[in-house]
Structure formats: C-alpha cells, structure tokens
There are 4 protein chains.
Amino acid sequence: MDEPVRLGLLGAGRIGQTHARSIADAEDAQLAAVADPDEAAAASVVRMTGARAVSAEEVLGDPAIEGILIAAPTDLHADLVEKAAESRKAIFCEKPLDLDLARARRAVATASRCGVPLMVGFNRRFDPSFRRLRDEIDSGRIGTVELVQITSRDPAPPPMAYIERSGGLFRDMMIHDFDMARFLVGEAIVEVSATGSALIDKAIGDAGDVDTAAVTLRSAGGRLCVISNSRRAAYGYDQRIEVHGSDGMVSAGNPVATTVARAYRSGFATDPLNNFFMERYADAYRQEITAFCAVVRGGDVAYPSGHDGLAALAIADAAAQSLVTGRTVTVTRVDSVL
Amino acid sequence: MDEPVRLGLLGAGRIGQTHARSIADAEDAQLAAVADPDEAAAASVVRMTGARAVSAEEVLGDPAIEGILIAAPTDLHADLVEKAAESRKAIFCEKPLDLDLARARRAVATASRCGVPLMVGFNRRFDPSFRRLRDEIDSGRIGTVELVQITSRDPAPPPMAYIERSGGLFRDMMIHDFDMARFLVGEAIVEVSATGSALIDKAIGDAGDVDTAAVTLRSAGGRLCVISNSRRAAYGYDQRIEVHGSDGMVSAGNPVATTVARAYRSGFATDPLNNFFMERYADAYRQEITAFCAVVRGGDVAYPSGHDGLAALAIADAAAQSLVTGRTVTVTRVDSVL
Amino acid sequence: MDEPVRLGLLGAGRIGQTHARSIADAEDAQLAAVADPDEAAAASVVRMTGARAVSAEEVLGDPAIEGILIAAPTDLHADLVEKAAESRKAIFCEKPLDLDLARARRAVATASRCGVPLMVGFNRRFDPSFRRLRDEIDSGRIGTVELVQITSRDPAPPPMAYIERSGGLFRDMMIHDFDMARFLVGEAIVEVSATGSALIDKAIGDAGDVDTAAVTLRSAGGRLCVISNSRRAAYGYDQRIEVHGSDGMVSAGNPVATTVARAYRSGFATDPLNNFFMERYADAYRQEITAFCAVVRGGDVAYPSGHDGLAALAIADAAAQSLVTGRTVTVTRVDSVL
Amino acid sequence: MDEPVRLGLLGAGRIGQTHARSIADAEDAQLAAVADPDEAAAASVVRMTGARAVSAEEVLGDPAIEGILIAAPTDLHADLVEKAAESRKAIFCEKPLDLDLARARRAVATASRCGVPLMVGFNRRFDPSFRRLRDEIDSGRIGTVELVQITSRDPAPPPMAYIERSGGLFRDMMIHDFDMARFLVGEAIVEVSATGSALIDKAIGDAGDVDTAAVTLRSAGGRLCVISNSRRAAYGYDQRIEVHGSDGMVSAGNPVATTVARAYRSGFATDPLNNFFMERYADAYRQEITAFCAVVRGGDVAYPSGHDGLAALAIADAAAQSLVTGRTVTVTRVDSVL
C-alpha cells in the first residue's frame with residue numbers, strides 16, 4: 001500500500017470539520033495540519049484526526065504537505081488559493097472561489113501558472129445519484145440531451161446576516177445548480193434569463209436579494225435548462241434533477257432515511273426529507289475528498305476545476321444582471337482572458 | 001328526474017366524436033343534432049348517439065337545442081361562437097377561441113353582450129388529479145402559493161402541415177399550461193419570459209417555430225411559474241405539475257394503465273406512459289361535458305370561461321414576443337376593452 | 001357489424017345492475033330481458049337498458065336470448081345453471097356455483113352434458129393488472145413460477161347476517177384468491193394448509209368463522225402460494241399479488257384514484273385506497289362482460305369455466321378442513337367424477 | 001468523555017471483520033484483542049483496529065476486556081458463550097447460539113447464572129426501517145397488530161457445503177424472520193405450520209433441505225404471521241415487512257443505492273437491489289455494535305437476548321417438524337426449564 005496523502009486544512013468550521021472527518025475515514029489520506037484562528041474549532045479537528053494545529057503560514061510552508069483544503073471564509077478563498085499555488089501544492093477550495101469574477105479569475109490564473117491542480121468544492125458532482133445521471137448521459141442511452149430540469153429547495157432561509165454577505169441567491173445557492181447544468185447539459189451555457197421574488201421574507205427583498213427564483217439557461221447548441229430555487233421547503237431539503245434526451249429521460253430524486261410507509265384511514269404517509277444539506281450530501285462529501293486525494297496523487301480523475309468555478313460564477317453574474325434588466329443576458333466567456 | 005339537456009354539435013372530427021360519446025354516456029344529456037360537411041364523420045356520430053345529421057344553420061336554428069358544442073376547425077371558432085351567441089344558446093368552444101387575440105376578444109364580447117355562457121375547452125381543468133391540486137390549494141393546507149412547476153411533453157411532434165397552421169407551440173400546446181398556471185397560481189400573470197429551440201426537427205425551426213421551450217411566468221404578487229414543453233418524449237405522454245406553497249407542496253403525476261412492475265437481474269421495470277392525449281385525459285373529457293351540461297342548466301359550476309380563453313391567449317402572445325426579443329414581456333390585460 | 005348478442009339477466013341486485021350497465025356500454029350486446037322478484041330492482045335495469053322485465057321462466061324460454069347471466073342469490077345458482085343449460089343457452093354464473101361442492105359439480109356436469117359454455121364470475125381474472133401478470137408469466141421472462149404471494153383485505157367486514165350465510169371466509173372471500181392462485185401458479189393445487197382467527201369481531205368467531213386468515217397452497221410440482229386475507233383494512237380495499245419465478249418477479253398493486261401527493265412539515269401523504277370492490281374492479285367487470293359476449297358468440301377466448309369454479313371451491317373446502325384439523329389437507333380432484 | 005469500552009473478538013472471518021470495522025468507527029469502543037486460528041484473518045483485523053492478535057484463552061482471560069464478541073463457527077458458539085460467561089464478561093454471540101435447542105439452552109442458562117448480559121446477533125432488529133416498524137407499533141397508531149407479512153429472499157443459494165452444515169433453511173435463514181415475527185407480533189408464538197420445496201437446486205432437496213418455503217405462525221392471542229423465503233431472487237436481496245393492525249398498516253421495503261430512474265420507449269427502469277446482505281444491513285451492523293457497547297456499559301438499552309435466541313430456534317425446530325409431518329406444530333416454551 002502507498003504512503004497516505006498528506007493534507008493541510010485551512011479553516012475548521014462546519015465544512016472544514018466535515019472534510020477532516022472524511023480524511024480520517026479515508027484509507028489513504030492523513031490530515032497533517034490544521035489552521036484556524038478559532039482555537040476550539042482547530043482543537044476539535046485535532047481530536048478527530050491527530051493533525052497538528054498550527055498557523056496558516058505553517059500549513060502552507062510545510063514541505064511534507066502535498067495538498068491544501070481551503071475551508072476558510074469566502075473572502076479569503078482567492079488569496080489562499082494563490083498562496084497555496086505559489087507553495088506548489090494541489091488545492092481544494094470550497095465554492096465560491098470569490099464573489100467577484102475578476103478576482104476569482106486571477107486566482108485561477110495563478111494556480112494555472114504555478115502548474116498545480118485546483119479543485120472547487122462543487123460537492124454535488126460526487127453525489128452517487130447525480131454522478132449516475134452523468135454516466136447515463138455518457139452511455140448514450142437517452143440520446144442527445146435536450147432539456148435539463150433542476151429543482152433545489154432549502155428547508156428554511158439562512159439568517160439575514162448570512163444572506164447580506166452571500167453575494168445573493170444566484171451566487172450563493174443557485175451556483176450549485178449552474179454547475180450541475182454545465183455538468184449535465186454537455187455544452188457551454190451562453191444565455192441566461194432570470195426571474196425572482198422575495199416571497200418568504202420581506203427583509204430579503206429589502207436587502208436587494210430574492211428567496212424564490214426561476215432561471216432558464218440556453219446552451220451554444222440551443223439545449224435548455226430550467227432551474228427553480230426556493231429558500232424554503234416545509235417538507236425538507238429538496239434536490240431533484242431530470243435530464244430529457246432525444247431517446248429518453250433520466251432523473252434523480254431525494255434519498256430517504258427509511259423505507260417505512262404508514263397507511264391509515266386518512267391515507268398513506270411517509271417521512272419528510274432530510275432537513276440538513278450535510279446529511280443529504282454525506283456520501284458526496286466523502287467521495288469528494290476521495291477524489292481530491294486522487295488529484296493530489298496525480299491520478300486520472302474527473303473533478304470540478306477552477307475553470308468550472310469561474311464558469312458557474314459567470315452564469316450567476318449573468319442571472320443577477322438578467323433579474324435586474326428583464327433581459328436575456330449573454331454569459332461572459334471565462335476562458336477569454338486566461 | 002329532469003328532462004335531459006338538448007345539445008347540438010358543430011364538427012364531428014376526432015374531438016367532436018369524443019364529446020358525442022361523452023354526451024351519450026351522460027345520464028342527463030341528449031345530442032339532438034350534429035353538423036359536419038364530412039358526411040361519414042357526421043354519420044358516425046349519428047350511430048353513436050341517435051342525433052340528427054343536419055346543417056350547422058339548422059343546429060343553430062333549432063329552438064329545442066339549448067347548448068352548442070363547437071368542435072369545428074379553429075378558424076371557424078370565433079364566427080360560430082358569435083352565431084351561437086346570437087341564437088341565445090349556451091356555448092362550449094374548443095380551444096383556442098382564435099389564434100388572433102383581437103378576433104377572439106370580439107367573439108367573447110358578443111357572447112357577453114348576448115348574455116349566454118361561453119365555456120372554453122381547457123379540458124385539463126377537469127382532470128381529477130389537476131382538479132384536486134386546486135382543491136388542495138383552496139384548502140389552505142400548503143399555505144400561500146409561491147412557485148408552480150409544469151412539465152408537458154408530447155410523445156412525438158404532429159405533422160409539419162399541422163404545425164404550420166397551429167399558431168406556434170405557445171398558442172397550440174403550451175396554452176394548456178398557461179391556463180393551468182392561471183388556474184393554480186391564483187393571481188393574474190403579468191410578465192412572461194420565454195426561451196425555446198428547434199431540437200427535434202429542423203423543419204420546425206425553419207417554419208419559425210420551436211419544439212422545446214421553457215417559459216417563466218410572474219404574477220402580480222411576484223409568484224412564479226415555470227413551464228417546460230417538448231414535442232417529444234420517448235416514454236410517452238408526460239404531464240406533471242407541482243405547486244409549492246409556504247407550508248408545503250402538492251403534486252400530480254402521470255396515471256398508469258396498470259400497476260404491474262417487473263423485476264429482473266437487470267433491475268425493476270414498469271410500462272411507458274400513455275401515448276395519446278385522448279386516453280390520458282379520457283376522464284377529463286367526460287367531466288368537461290358533465291360540467292357543460294350543468295352550465296347549460298344554469299347551475300352554479302366553475303368552468304373555464306371566454307375570459308380564461310383570452311387570458312391564456314394573451315400569455316401565449318407575450319411568450320411568442322419574448323422568444324423573439326429576448327426580453328421579459330408584460331402580458332396584455334384582456335379585460336381592458338371588454 | 002354483427003347483430004348484437006342478445007342476453008337475459010336473472011337477478012337485478014347490485015351485481016346484476018353492474019352487469020346490466022356493462023351490457024348497455026358494450027357495442028355488440030343487448031340486454032333483452034331481466035327477471036327479479038324485486039320489481040323496483042328490475043325496473044331500474046329496464047331504465048338503464050331498455051330490457052323487458054319478465055319472469056325467470058320467460059327469460060329462460062325466450063328463443064331469441066343466446067346467453068344467460070345468473071346474478072341471483074347463491075342458493076339458486078346451481079338450479080338456474082341447470083335450467084339455462086337445458087334451455088341450451090351459454091351461461092355466465094356469479095361465483096360461487098354453490099357452497100356445496102357436490103351440488104356445484106352436478107350443475108357443471110349438466111352444462112357439460114348439454115354442451116353449453118359455462119363461465120364463472122371470477123372477475124379478477126379480467127383486471128388489467130392481474131391479467132397482465134399472467135401474460136408476463138406466459139412470456140417466460142420471469143422463468144418458472146416458484147412462489148405466488150396474494151394479499152386481499154376488505155375495508156370492513158360485511159354484516160353478520162351476510163357472514164352467517166356466506167359459507168365462511170374461505171368459500172366467500174378467499175375463493176377469489178384460490179382462483180387467482182390457480183390462474184397464476186400454472187399447476188394443479190394439491191395441498192392446503194390454513195390458519196385463521198376472529199380478531200375483528202368476536203361474533204364472527206362465535207359463528208364458527210374467521211376474519212383474518214393465512215393459507216399456504218402447494219402445487220403438484222412443489223410450487224408454493226401464500227394467501228393472506230383480512231375482513232378489515234383501515235386504508236381501503238387492498239389487493240396485491242407477487243409472482244416470483246426463477247428469473248425474476250412480477251407484481252400488481254392497488255390502483256389509485258388520483259396521482260396527487262402532498263408534502264408538509266410532517267412528511268408526504270397520499271390518499272387511501274378505494275373503499276369499494278365495485279370501483280376497484282370496475283374495469284374488470286366490464287372486461288368480464290365483453291369476454292362473456294365473445295363466449296356466447298363462440299369466440300376463442302379464455303374464461304374461468306365451471307371446472308375452475310369447482311376447483312376453487314375444492315380448495316376452499318380443503319382450507320376449511322385444514323383450519324379445523326390443524327393438518328395439511330389434500331385437495332379433492334374435481335375432475336375425478338366428471 | 002468516558003473511557004472507551006474494551007472489547008475482545010473471537011473469530012475474524014467475514015462477519016468478525018465487519019464487527020471489527022464497526023468498533024473502529026464507534027467513538028466509545030476499542031477492540032483490545034482478536035483471536036482466530038487463521039493468522040491472515042486475525043492480521044487483517046489488527047491492521048484495521050490496532051487490536052492484539054492472541055489466543056482465544058488470552059482474550060477470555062484478559063481482565064481489561066469487558067465484552068466479548070463471538071463470531072467463530074456456529075459449533076463453537078455455545079462453548080464460547082459459557083467460557084465468556086464464566087469469565088464474567090458481557091457477551092455478543094452471532095446467531096444461532098447452537099443448532100441444537102437443548103445445547104443452546106444450557107449456554108443461555110450459564111450466562112444467566114453468571115449474571116452477564118448475553119446479546120444475540122439478530123442484526124435486523126437494528127435496521128433503521130425495521131426498528132421504525134416497532135416504534136410505529138408501540139406508538140399505537142396502527143392499533144392492535146393482527147397480521148405480519150415477512151418476505152425474505154436471498155440473491156442466490158450458498159454453496160452446498162454450507163447448506164449441508166447449516167441446520168436447514170428454517171434454522172439458518174428463516175430464523176431471522178422468526179425473530180422479526182417475535183419482535184413485531186408482540187405476543188408469544190405458539191403454533192407453526194410450514195411448507196417448502198427444493199425448486200432451485202435438486203441437490204438441496206437431496207440433502208433433506210428446502211430452498212423455497214412458506215411458514216405461518218400463530219400467537220397466543222390468535223395473531224398471524226406469514227413468512228416466505230427463497231434462496232434465490234434474480235433482482236437482488238429482497239427483505240420486506242408489512243405489519244397490519246386494527247387501525248392501519250406500516251411497512252418497510254428495500255433501500256436503494258441511488259434514486260436514479262430511467263425512462264425509454266420501452267418504459268421506466270430502476271436498478272436491481274443490493275446483492276449482498278452485508279451492504280443491505282450495513283447500518284444495522286453498525287447500530288448493533290453501538291447497542292452492544294451500551295449493553296457492556298450497563299445502559300438501559302433493548303437488545304435481542306439469549307432468550308430471544310432460544311425462542312427463535314424453538315420456532316425453527318417447530319417449522320422443521322411441521323414440514324415433515326404436515327401438521328401444525330406447537331412451539332416448545334423455551335423458558336420452561338430456565
């Protein structure tokens with residue numbers, strides 16, 4: 001058996017701890033060091049993994065560390081990507097790379113110039129059901145993709161403080177769906193048309209954001225993608241995708257915690273869905289780390305790249321602009337300046 | 001028991017024959033007369049119902065006839081509505097009233113002036129599952145409606161000759177979904193944004209039409225409706241609706257011919273969907289005629305009115321314009337001139 | 001088009017009226033006459049079909065009538081079968097032929113001697129889903145049948161007065177499942193083992209009957225069939241079958257009235273099942289009459305015969321005996337004396 | 001946080017390794033030692049957990065070890081239970097305790113006399129869906145239990161060498177269902193009636209065993225349980241339960257690996273089930289070890305006890321006898337001599 005991949009973690013909050021746990025469970029990976037200004041958070045990762053708690057500089061400067069996971073606050077992502085790239089380490093960065101496309105682009109360019117792989121945390125690509133959609137498309141059995149429908153609904157809106165710094169629903173929440181659209185449509189997305197409302201909480205509207213939105217994407221070859229998002233779903237975390245092709249359809253729904261069904265005089269009943277995305281995507285988070293370990297080892301593995309991060313962000317920008325202007329907006333080509 | 005309602009039928013083609021059969025099955029209705037220039041078609045209705053085969057003028061002039069069903073070609077609808085209105089008969093007219101909104105408006109105005117009820121053939125409102133969606137909304141159990149998702153896919157495109165005279169996908173096919181949106185959203189639709197492509201048949205694109213389309217509607221209060229249409233679905237006639245509210249969701253799917261499931265080494269399998277809309281909506285067509293009989297009797301029954309016909313057509317017009325301009329289009333208020 | 005088949009109906013109660021309605025709807029059948037001592041019941045059939053209301057003797061003696069439907073009380077079935085047979089008419093008789101196997105056997109022998117077809121009212125064979133199970137078996141796709149599981153549950157027990165004259169759960173209710181087992185297992189049933197309890201109503205037990213029962217059948221080649229019955233199911237009329245073969249499985253479940261699903265904070269909900277067997281089997285009753293019309297015409301059509309009626313009754317007798325003795329009981333061969 | 005529970009493992013085969021992995025994943029448990037004559041097997045557990053590989057005697061004699069897991073071959077179970085009991089350690093023993101009821105009884109009596117808890121490896125009680133069935137029953141929402149239906153089908157029969165030493169289908173495979181019946185019926189099982197055949201492999205029949213079986217159980221209060229088993233299911237590992245009560249029903253089905261559905265011209269398709277019971281019950285195996293850790297700590301936790309192991313075995317004995325005699329057999333009371 002090979003030596004385990006040695007990794008460093010920047011940021012030990014909720015998502016950082018999730019990645020730490022995945023690393024602890026992985027057979028061929030070891031978390032060598034963790035950095036977080038919140039000592040309690042770092043300590044919790046130390047207990048889980050045996051990693052050293054050090055400063056971010058030490059993590060980046062440790063020559064034994066081969067890969068860096070960036071799970072720090074969003075506004076630090078781009079800087080840390082560039083520092084990790086200059087340290088010549090493979091990089092996993094949580095989405096989004098940055099809320100500003102130009103800034104994100106420079107970070108990606110730096111990684112590219114330094115010749116290090118940059119993987120972006122679009123965890124849904126690693127969900128077994130969504131991954132399988134792509135395999136089915138690749139198999140050719142549904143023919144040419146014509147229309148993709150994505151439904152994403154959160155159980156409840158995050159706090160206003162979060163929303164105000166989120167970059168808006170398109171950059172914060174629907175960006176996952178934009179990436180899925182790119183992953184499944186199979187052609188570059190060229191046009192975006194967006195509609196949205198603040199129906200759940202007036203404060204969200206007052207902050208210039210929406211909580212309910214519908215967006216239509218159009219690819220270079222005229223393929224369509226329809227995405228609907230809501231910050232609220234009484235029955236739980238709802239994430240479904242349908243891919244319609246010339247010869248058939250393939251869909252993925254919501255996993256259930258048990259297979260129990262009840263039947264009473266009033267009818268049949270089953271449980272609500274998961275209420276938390278980290279449970280919903282538990283498998284995906286694990287698979288994501290497995291993929292990153294393979295990336296660090298230089299394996300031939302598909303992963304969402306820095307370019308994918310930019311492309312999804314460019315679609316989010318176009319959606320935000322379309323919402324304001326009431327026009328179909330052409331998506332900026334993210335490779336034009338790289 | 002009351003005397004049966006006496007009805008006259010103008011047009012004995014496929015849909016006319018369907019209505020004739022529903023009248024024959026209804027306990028309280030009688031088809032007194034049928035008119036169709038195609039003698040064989042008329043004769044087939046005669047055999048089924050015992051109706052007299054006469055001219056359209058005789059049907060309209062028969063004082064014993066209380067209600068007229070118009071199932072003639074679309075370009076005759078508006079004229080026949082006006083003649084039936086002037087004969088002071090209750091009217092059922094197949095959709096669309098006319099492909100031209102202004103012409104349709106005059107017909108509706110005539111019916112209104114003559115004081116006769118005018119029911120439009122939006123049969124889906126009578127589908128037991130879709131009807132039930134509305135009942136669930138009315139019950140208040142899902143709270144305030146926020147987002148409606150409608151998927152409509154035909155098994156295969158109609159002949160080009162049909163498409164060329166159809167008024168385009170929005171006026172011919174999606175118009176049913178526009179009516180459903182109005183039926184379920186519960187507020188006036190004020191803005192439309194449309195995208196579409198000709199992916200199935202290049203000839204459809206050459207004829208200036210699309211075969212795959214996605215449209216977003218926005219109501220006066222900011223509620224959203226997303227509609228996707230395709231002229232092709234390998235697995236059969238696919239018609240589904242989801243209504244998302246502040247407290248929950250209610251959905252309706254596709255009925256199945258049998259409940260049979262098979263399980264082999266390769267997995268589980270069930271049958272494709274119905275391949276024909278007249279099977280799919282067989283119940284709805286029957287209920288529609290039952291409702292029209294009640295309308296003729298002056299009963300207090302909900303039905304899609306002439307105004308509903310105009311409103312759906314106005315949305316279709318806006319969608320067609322949005323497709324061309326790439327802009328969100330404001331829907332013409334159809335009651336403004338009546 | 002052929003002349004319609006002319007039929008006579010003996011018995012105009014609930015099931016007789018159902019058959020009358022099916023005849024009225026059939027394109028190639030006409031109900032010429034109906035007999036029932038209850039004049040109001042007969043009159044209701046007359047209104048529905050235009051049949052003459054006459055005496056049973058007149059129905060049987062009318063030379064223009066080609067087929068007789070026997071829907072009289074069970075204790076008259078065997079006599080009426082014999083009289084109809086001697087009048088040389090094709091016979092449809094509701095199940096059971098008689099509660100006494102020997103009596104039923106004589107009636108079947110009479111029909112056989114007179115050379116008239118005798119169809120028994122095992123309507124479930126005509127249910128589209130159950131019919132399809134048989135087609136799947138015949139296709140060979142699930143290989144050799146090894147195990148059949150049948151679940152039958154009524155919404156609520158019938159009145160005690162009915163139960164007391166019913167011949168017991170095995171002869172009254174499970175007899176349908178015995179026929180299904182024979183229809184699907186594909187081999188003669190040779191052994192029966194029965195268990196049962198009166199759990200719903202002590203009075204049922206006091207009357208010497210059970211309301212909850214489980215029976216295992218074994219075919220000549222060792223194939224198994226498991227049947228469970230209950231006179232009560234809070235969630236509605238529950239009828240399901242699974243057929244397991246060497247290469248796979250095929251199952252049929254309960255049809256639903258609508259496809260509507262609701263989702264709330266408490267979870268997902270759908271409607272209870274039908275509460276009435278005549279709704280549940282509406283299609284089957286129609287198909288049954290269509291098949292009988294074909295039988296009368298001498299068509300090459302599969303139907304449950306007098307022999308099938310005897311065979312199911314023989315299994316019911318064996319089950320009743322097994323319940324009392326606690327032993328596996330060998331089924332009487334019903335063809336041994338014919 | 002408490003000190004971890006220290007455990008010893010006797011037997012490092014397939015199921016032993018599964019338990020070792022669960023212990024490694026558990027937060028509050030530590031595998032201190034493992035014993036297996038197969039050194040490679042023991043070494044693999046050592047790598048996984050850091051346990052010492054020692055002799056069984058050393059495991060049993062180690063005063064630091066609080067709980068023993070017995071995953072050795074079946075014919076050693078009873079001896080090891082007694083030795084562990086005499087070492088005053090809490091015991092987890094894989095099912096069956098022994099193929100011979102009297103021998104198993106003595107082992108249980110020894111554990112009882114020594115005052116140590118004895119948990120038997122009926123892992124299905126820990127499956128989240130089956131566990132939930134019991135919770136639903138306990139909630140009272142389905143009223144009084146009247147009928148339980150259990151379907152268990154393996155993908156393919158084990159090798160003949162295994163079958164010959166298995167004690168037969170009832171003691172080896174259906175014993176899990178007998179335990180489930182006891183867990184869910186809520187009353188003592190008093191009578192058993194069994195039918196079975198060797199339909200899959202003639203060699204199984206030649207060895208005096210069956211591969212397809214149907215068994216009916218009856219409780220003290222007349223409640224029924226129907227169990228069907230097959231050693232073969234083309235479509236995968238099939239394990240389903242329905243519990244019918246006076247006020248409703250609760251059921252548990254098969255978990256699926258993904259939620260992906262495909263739709264083609266030929267219809268809808270989903271994947272086959274898991275092909276391996278260790279995947280199917282992965283969650284259950286983990287929960288089982290968590291429960292055993294709680295048992296070792298003396299926590300107030302429900303678990304399948306030695307008495308449960310005996311009771312299931314007594315039902316299996318009765319089933320085997322019923323199969324041979326064709327009679328309903330009264331179940332031996334296992335507590336009569338303890």
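**Notes on the A/B pair**

1. Starting with the interface: chain B and chain A bury about 3,000 Å² between them, and carbon and sulfur atoms give 49% of that area. Three residues stand out on the chain B side: B:Glu146, B:Thr195 and B:Leu199 supply 16% of what chain B buries against chain A, more than any other three residues. In terms of contacts, 38 residues of chain B touch 38 residues of chain A.

2. Keep in mind that this is a predicted model. Its scores are ipTM 0.94 and pTM 0.95. For chain A, the mean pLDDT is 95, with 99% of the residues reaching 70 or more.

3. Charges across the interface: how many salt bridges link chain B and chain A? The count is four. One salt bridge you can look up in the structure pairs A:Glu146 with B:Arg232, where the closest N and O atoms sit 2.3 Å apart.

4. Now the cysteines. If you were hoping for disulfides, there are zero over all chains. Take B:Cys93: this residue is in no disulfide, and the nearest cysteine sulfur, in B:Cys114, is 15 Å away. B:Cys93 is also buried, because its relative accessibility is 0%.

5. Why does B:Cys225 not bond to A:Cys225? The closest cysteine sulfur to that of B:Cys225 is indeed the one in A:Cys225, but the two are 17 Å apart, which is too far for a bond; the cut-off for a disulfide is 2.5 Å. As for its surroundings, B:Cys225 has a relative accessible area of 1%, so this cysteine counts as buried.

6. Have a look at helix 9 of chain A, residues 174-185. Its twelve residues should span 16 Å at 1.5 Å a residue, and the end C-alpha atoms are 16 Å apart, so the expected and modelled spans agree.

7. Is helix 9 of chain A enclosed or open? Eleven of its twelve residues are buried, so the helix is largely enclosed by the rest of the structure. The buried set mixes side-chain types: among them are A:Met174, A:Ile175, A:Phe178, A:Met180, A:Phe183, A:Leu184 and A:Val185, but also A:His176, A:Asp177 and A:Asp179.

8. One last backbone detail: just after helix 9 of chain A comes A:Gly186, which has a positive phi of about 80°. If you step along the chain from A:Val185, one of the buried residues of the helix, that glycine is where to look for the positive phi.

Note on methods
Residues are numbered from 1 along each chain as its sequence is written. Chains are lettered from A and ligands numbered from 1 in the order in which they are written. Side-chain values use heavy atoms; hydrogens and water are left out. Buried means under 20% relative accessible area, exposed over 50%, partly exposed in between (1.4 Å probe, protein chains only). Helices (H or I, at least four residues) and strands (E, at least two) are DSSP runs, numbered from the N terminus. The expected span of a helix is 1.5 Å times one less than its number of residues. pLDDT is the predictor's confidence in each residue, from 0 to 100. Contact means heavy atoms within 4.5 Å. Buried area is the accessible area (1.4 Å probe) that two parts lose on being put together, summed over both. A salt bridge is a side-chain nitrogen of Lys or Arg within 4 Å of a carboxyl oxygen of Asp or Glu.
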